[in-house]
Every structure is written in structure tokens, then in C-alpha cells.
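Please open the model in your viewer and keep the sequence panel beside it. The stops below are meant to be selected one after another, with time at each to look around.

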Amino acid sequence: MPEGLLIKGGRVLDPASNLDEICDVFIKEGKVRKIARNINLSYSELIDASDKIVIPGLIDMHVHLREPGREDEETIESGSRAAARGGFTTVCCMPNTDPPIDDPSLVKFIYEQAKNKGAVEILPIATISRRREGKELSPMGRLKKAGAIAFSDDGSWVTNSALMRRALEYVKMLNLPIISHCEDESLSAEGVMNEGYFSTVNGLAGIPREAEEVAIFRDLALAKMTDSSLHLAHVSTANSVRLIKKAKNMGIKVTAEVTPHHLTISDEGVTDFNTNTKVNPPFRGKEDIELLKESLRDNTIDVIATDHAPHTVEEKEKDYEEAPFGIIGLETALSLVLREVVEKKILSLMQAIAKLTVNPARILGIDRGEIREGVKANITIFDPGKVWLVREEEFLSQSSNSPFLGWKLPGKVEWTIIGGKVVYRSEK
Amino acid sequence: MNFNRKDLLGIESLSREEILFILETAKSFREVIDRPIKKVPTLRGKTVVNLFFESSTRTRMSFELAEKRLSADILNFSVSTSSSTKGETLLDTARNILAMKVDCFVLRHSTPGTPHLLAKELPVSIINAGDGAHEHPTQALLDLYTIREKKGKIEGLKIVIVGDISHSRVARSNIWGMCKLGAKVRVCGPPTLIPPLIEKMGVEVFYSLEDALTGADIVMMLRIQKERQNEGFLPSNSEYIDFFSLNEEKLNLAQPDVLVMHPGPVNRGVELPARIADGEKSIILDQVTNGVAVRMAVLYILLAKR
């Protein structure tokens, strides 16, 4: 009885080894065993990947799975199925749940749910502060022992500078990154969209770019002071990029991510008051988008992450001020990257895939994001030539709050494979 | 001229021709409201719902009178606080009323974009009676009507809008309308109450009331809310009065035939003294009268053919 999965004739692309060739990949016992042309081994399962692109399973270091607490918006089960449809094999879930993930038992709960119901690998991020209140440190050491992959109070900035300093110091003995959601809430205040011409025209309160930049500046100063590793979530402004670039040049250990949606839509897109354009940080100006893209090219920004943030129809049907911030992103991410970054020749396909695979893996210190003989066979296969329509009823996420509904996007994930097992197969 | 819109959501999206069409139509209704019998059967059998989620006296009475004089049936729905405290969303409220078969909603709401939300989801006409700081199109139309009536034109006039521009839907709708009709619009107020990049809407920004008033044909004073002091926009209301309240001395810098407007309600002694509000240069009450005619025109244009 032969065993193994053979992926035949695809264009195999692995940023870590700089491999870009039409060849076969043979998987057995959950691991990649051989990468070569015309592999002639017996197999139990065959995938014909001709005209498709075979890449390492995508990694999203910023998602909200809403469990525990808001299972009406998303669950570990539904969110991970959405991840699989988007080609993601590993996702890191943010701890701003109810209760927040500030205790080892909660980290274990997420692993338990993931094991029983998860379609992809789920790595929990734990809070920086107890109850996510920004007052005292969470039990970071124990949280790491329970399996936390990073620390973040995402959704809120740690406004207390002394606490943030201690957090950055403390994680040095744990070798885990701190992920900061940079937002000075005294500046963002009641704002619901980017502050600028379009907030003026709409009569909506604005969130100035400086709400992010002021916070980034402080966090960079503290990262320098503590010589600790800082990762900046969802960077959205041109001056944030300039600050990060300067910090990297100074040797500060900072990494940063941008979302696909911030690369795609500007604040002009808010003029029809569609609440699926309400997101934090808000859609910025065209000039911000330009510099964000440039920063991908010069590696000021290391990672593309979705900040997948599900909300129910009932919540998003409210008016623009009342509706919650956040949009889903797992199922459109790869296509948006292809559209905005690859087709527009900002990055090569190889460089773009690195931002979604090996780069986040290295920041998180996990043995993922590569196709190499001997590694766990987490692989995504997509059809670069297929254009698809984003339809509400096709989302596997429990929510459908996407500003891209009705858009036609390039590149369709066909197979998502984890440990040699197909966890997602597109319908035709 | 074909006015092919289901709704009146704002002035921004209207063409110059559409604005002029409404203003011309309003002229014939202006004549109706001076008659001894001020009622025409135009909208007999149509039902208009006045959906007011924010307190309003003038605008609501003006719409109500306009509807009555066109012989429409009227439903009034007013809540000072949002009905979402009862768990019902705006859209749900509107859908429920629509199920009783009505033809038009006149919506006043504190959040920008709410009339647009209803307009997108409902098959009946929506008239924006003020959505947050976004637009108040019928106010701008009645202001434009009044300026034309008094000055005979709008093109080329120097118009100054003074006060809390940031929070003013009246300012925004008027800026769009006045610019489309060729006026030179100046906005004036403390920098904390001037929203970013408003110049791109086609106006000139002034922080000095004296400079702004120099050579003006029209000055429109906006209501200043007392809360702005606590919200940190102003050091104090009395300091605001020192710098931005109108008086005869400042008004003398304008054209001799300058006219003074105010969308109401006036804080007498704050935006302007009673002497000026009631004086010969004031056309504040003309604005109110014309408001009824302009709203009759809007209702007629949107509803008569449907």
C-alpha cells in the first residue's frame, strides 16, 4: 500500500531558499520529503498543480477569532476555516477576547479548541497587562509556558510608559516579541475615519495620523532604551513608516506589519458611509498608501497581516458612528496582495510571499513558512490566473463585514495543506 | 430640466442646474404661502414621515407646514434620544414605518450618512433634514433662495460664514451651494473650529472676523454651542464673543448694503446682538419664511411624479 501526497508540476516558490522552479513536492508522514523534477515515487494521493503556484502555507500574525466571548461574530472553528480558504495554515489570534487571554488556563483553552475544532494551526497571543487594562503585567512567563507566542494589548495602546518599559524588559528573558497597537486615544478620541479632507466633507470626526505616530515614537524610544524586540501592528501612515525606517537604521529591534486593506483603499472610499469601511486604524490618504508600498520594497515593513476583525451584520447595520471598527481579511488577503503589490510591480511574487510566510515565522521564532525537505508540510497552492468575485455567501468566516464585497480579485487559493493533509479545497 | 433623483441627501452631489431648478420651482410656492388660502392639492394621498432623532423646532415645523400646504398626510416621529436604547436600529424603525405604506421620510439624525443608509435600503424618497455635521440641504437651499431674492443674484457675491465651521452642516451645505452658484465664500472662526483642508471645498479661511468681513455682501453667523468650551475647543465662551461676535463697528467693514443671516436659533448677545438680529440689515426672518416655500418645492419635485 503506497503512502504519501505528490504535488505534481506546480511552480514551487520558497522565499527562504530562493527556490522558484517548476517541480514536484513529495510529502509523507506529514513532512516534505523531496523537492525535485519528475519525482517517481509511489503515492496514495496526487495533486496536479500544473499552472498553479505552490507556496509555503501562509502565516497571519494578526487575527481576531473572537472566542471566547463573541462567538456570534466568529469562533475558532469558523475563523480557522476562513483562514484555510485564504491559504493560511498558521494564524495568531489576538487576546482582546472576553475574557482577555491573560491567564495560562485561557491560553490552554484556545489550544484545546484549536485541537478539537480548528482547521489550521492557531497560536495564541496573550495580553501584556492583566485584564488588558494597562495597569500591571500579565503573568508573561507562565503564559509562555502555556504556549503564548507573543504579547499584545491589541485594541488598546499601553498608555503607561513605565509599564510598557517593564514589559519590553521582561520579555527579554522569554524571547517573545511585544506587539504594539499604536494609538494615542486622546488624539483619536471620537474619531471614526481618517482626519483630512474627506472627514471634513463627511462631517465625521477624524482620527489624525498623529494618533498613531505619537504612539510609535514612544514605543520606538522604549525599544531602544530596553534593547528589546518590538513589533508594530497595522502601520498606516507615511510618517510612521519614516519613523520605523529611521529606527531600523539606528539598530532598534523593531519589525512592522501592514494590512492588505490599508494598501488598497484610501479615505476617499469612505464617502458613501458604508460601515464596512470603518476600521481602525482608518483608511488613510493616497500618499500614505504610496509610502506603505514603498516601505514593503525597502523592508521597512516586514510583514503583511490581515487584522481580520469579524463583526455581525446587526452590528455593521448601525450608523457610521455607532458601528464597530473592523473588517474581515483572511479570505481576501492573498488576492489583494497580488493585486496591489505584485501586479503593480511593488514586489516580485517571491518577495510578496516572504511577507506572508517566512518573515512572520522569523519574528515569531517558529519553524514554519518554508518548503524545505524535512519541514512540516504546510503548503498552499493557488491559481494565479483565476479571477473571482467576492461574494457574501461564500465567506467561511461567520461574518461578512468586508469592504471588498462585489470586487473581482485575482488569484484563487485551490488547496491548503497542513502536515500533508488537505484542509481546504476550492470548489472547482 | 429633468430632476431624476429619488432623494435629496445633500448639496454636494447636486449640479448647478439642479439647484437652480429647485430655487425656480420654489418661487411659485413662495407665492402660494402669501395667499389667504395657503393650500394646494399637489400631494393629496401621499404620506410623509418626519423622522426626527434630534430636537428641532424650526426645521420640523417648516417641513410640517410645507407638507400640510401640499395636502400630504403626515406622520411625526420624534425621539430626543436614539431609539436604539430600545434596541431598534434606525433602519429597522424606518422599515417598520415603511411597512405601513408611506411615500417619503424626512430624516434628522445626529450621525452623518444616516439618510444615505435609508436611501440605499428603502425604495421611497429620503429628504435629509440634517445629518450630524455633514449636510442640511434644505437649509442651504432656503439660504440661497433668500440671497437671490434680496440681491438678485449669487454669482460674484462675497459671502462670509462665521463660527463653528467644524460642527456645522449648515456651513457645509451652503459652501457647496454657494460655490456652485459662483459666490466667493469665506469661512471665519477660531482655528480649533475650522476643519482640516476645508480650502479644498473652494473657500478662503480667515481667523480674523474683521479681515473676513471687509467688503462682504452677505454675512452668515452660525450658532455656537455652549459645549464647545468644555470639549476644549475654546478657552471660554466670553473669549469667543470678544473675537467672533458681530457688532456695528465690524459690520461697517462690509459693503454698505451687507445683509446678515443666521440659520437659527440665535444666541442673542453671543453670535450677534439683538440690535443687529432685529435691525434693517437682518434677513433672518425672511430665511424662515422662504424655508417653507423651498421645502414645498423639494417635496413637490421628489414626490409629485412618483
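What follows is a tour of a predicted model, going from the contact between chains to the core, then to helices and finally to backbone details.

**The contact between chains A and B**

Begin by colouring the two chains separately and selecting the residues where they touch, a contact to which chain A gives 16 residues and chain B gives 20 residues. On the side of chain A that touches chain B, you will find five nonpolar, four polar and seven charged residues.

**The largest nonpolar core**

Next, select A:Phe151, B:Val160, B:Val162 and B:Val219, which touch the most other members of the largest nonpolar core, a set of 221 residues. If you then highlight helix H12 of chain B, residues 284-303, you have the element that gives the most to this core, with ten residues.

Stay with B:Val160 for a moment and display its surroundings. Leaving aside residues up to four places away in sequence, B:Val160 touches B:Arg186, B:Cys188, B:Ala212, B:Leu213, B:Ala216, B:Ile218, B:Val219 and B:Met220. B:Val219, which appears among these neighbours, is also one of the residues that touch the most other members of the core.

**Two helix pairs in chain B**

Keep H12(B) on screen and add helix H2 of chain B, residues 58-69; the axes of these two helices come within 8 Å and cross at roughly 55°. That angle is why H2(B) counts as oblique to H12(B), and the crossing itself is right-handed. From H2(B), select B:Arg58, B:Ser62, B:Phe63, B:Leu65, B:Ala66, B:Glu67 and B:Arg69, and from H12(B) select B:Val288, B:Gly291, B:Val292, B:Arg295, B:Met296 and B:Leu299, since together these residues make the contact. By class, the residues of this contact divide into seven nonpolar, two polar and four charged.

Now move to helix H5 of chain B, residues 137-151, and helix H6 of chain B, residues 169-180, whose axes lie 8 Å apart and which pack at an angle of about 55°. Here too the angle makes H5(B) oblique to H6(B), and the two helices cross in a right-handed manner. Where they meet, H5(B) brings B:Pro137, B:Gln139, B:Ala140, B:Asp143 and B:Leu144, while H6(B) brings B:Val170, B:Ser173, B:Asn174 and B:Gly177. The residues of this contact comprise four nonpolar, four polar and one charged.

**Two covered helices**

Select helix H4 of chain B, residues 114-121, which is mostly covered, with six of its eight residues buried. The buried residues are B:Thr114, B:Pro115, B:His116, B:Leu117, B:Leu118 and B:Ala119, and in chain B they pack against helix H3 (90-98), strand S3 (104-109) and strand S4 (125-131).

Then cross to chain A and select helix H1, residues 76-85, where nine of the ten residues are buried, so that the helix is largely enclosed by the rest of the structure. The buried residues of H1(A) include the arginines A:Arg81 and A:Arg85, along with A:Ile76 and A:Ser78. To see what covers them, show elements of chain A including strand S6 (58-63), strand S7 (88-93), helix H2 (104-117), strand S8 (121-124), strand S17 (408-418) and strand S18 (421-425). Just after H1(A), pause at A:Gly87, where phi is positive at about 90°.

**Backbone details in the loops of chain A**

The last stops concern the backbone, and it helps to recall that most residues other than glycine have a negative phi, and that most peptide bonds are trans.

Which peptide bonds should you inspect as cis? One is the bond from A:Asp98 to A:Pro99, with omega near 0°, and A:Pro99 sits in the loop between S7 and H2 of chain A. Another is the bond from A:Asn280 to A:Pro281, with omega near -5°, and A:Pro281 lies in the loop between strand S14 (254-258) and helix H9 (286-297) of chain A.

For positive phi outside glycine, select A:Asn38, with phi near 45°, in the loop between strand S3 (31-36) and strand S4 (45-48) of chain A. Then select A:His234, with a positive phi of about 25°, in the loop between strand S13 (230-232) and helix H8 (238-249) of chain A.

Is A:Asn38 buried or exposed? With 8 other C-beta atoms within 10 Å, A:Asn38 is exposed, whereas A:His234, with 24 other C-beta atoms within 10 Å, is buried.

Notes. Residues are numbered from 1 along each chain as its sequence is written. Chains are lettered from A and ligands numbered from 1 in the order in which they are written. This is a predicted model: local features need pLDDT of at least 70, side-chain atom pairs count only at pLDDT 80 or more; totals for chains, interfaces and linings use all residues. Two residues are in contact if their C-beta atoms, placed from the backbone, lie within 7 Å. Ala, Val, Leu, Ile, Met, Phe, Trp, Tyr, Cys and Pro count as nonpolar, Asp, Glu, Lys and Arg as charged, and the others, Gly among them, as polar. A nonpolar core is a set of buried Ala, Val, Leu, Ile, Met, Phe, Trp, Tyr and Cys residues joined through C-beta atoms within 7 Å. A residue is buried if 20 or more other C-beta atoms lie within 10 Å of its own, exposed if 12 or fewer, and partly exposed in between; C-beta atoms are placed from the backbone. Helices (H or I, at least four residues) and strands (E, at least two) are DSSP runs, numbered from the N terminus. Axes are lines fitted to C-alpha atoms, for helices over the stretch in contact, and angles run from 0 to 180 degrees between N-to-C directions. Angles under 35 degrees count as roughly parallel, over 145 as roughly antiparallel, 65 to 115 as roughly perpendicular and the rest as oblique. A crossing is left-handed if the near helix is turned anticlockwise from the far one by less than a right angle, and right-handed if clockwise.
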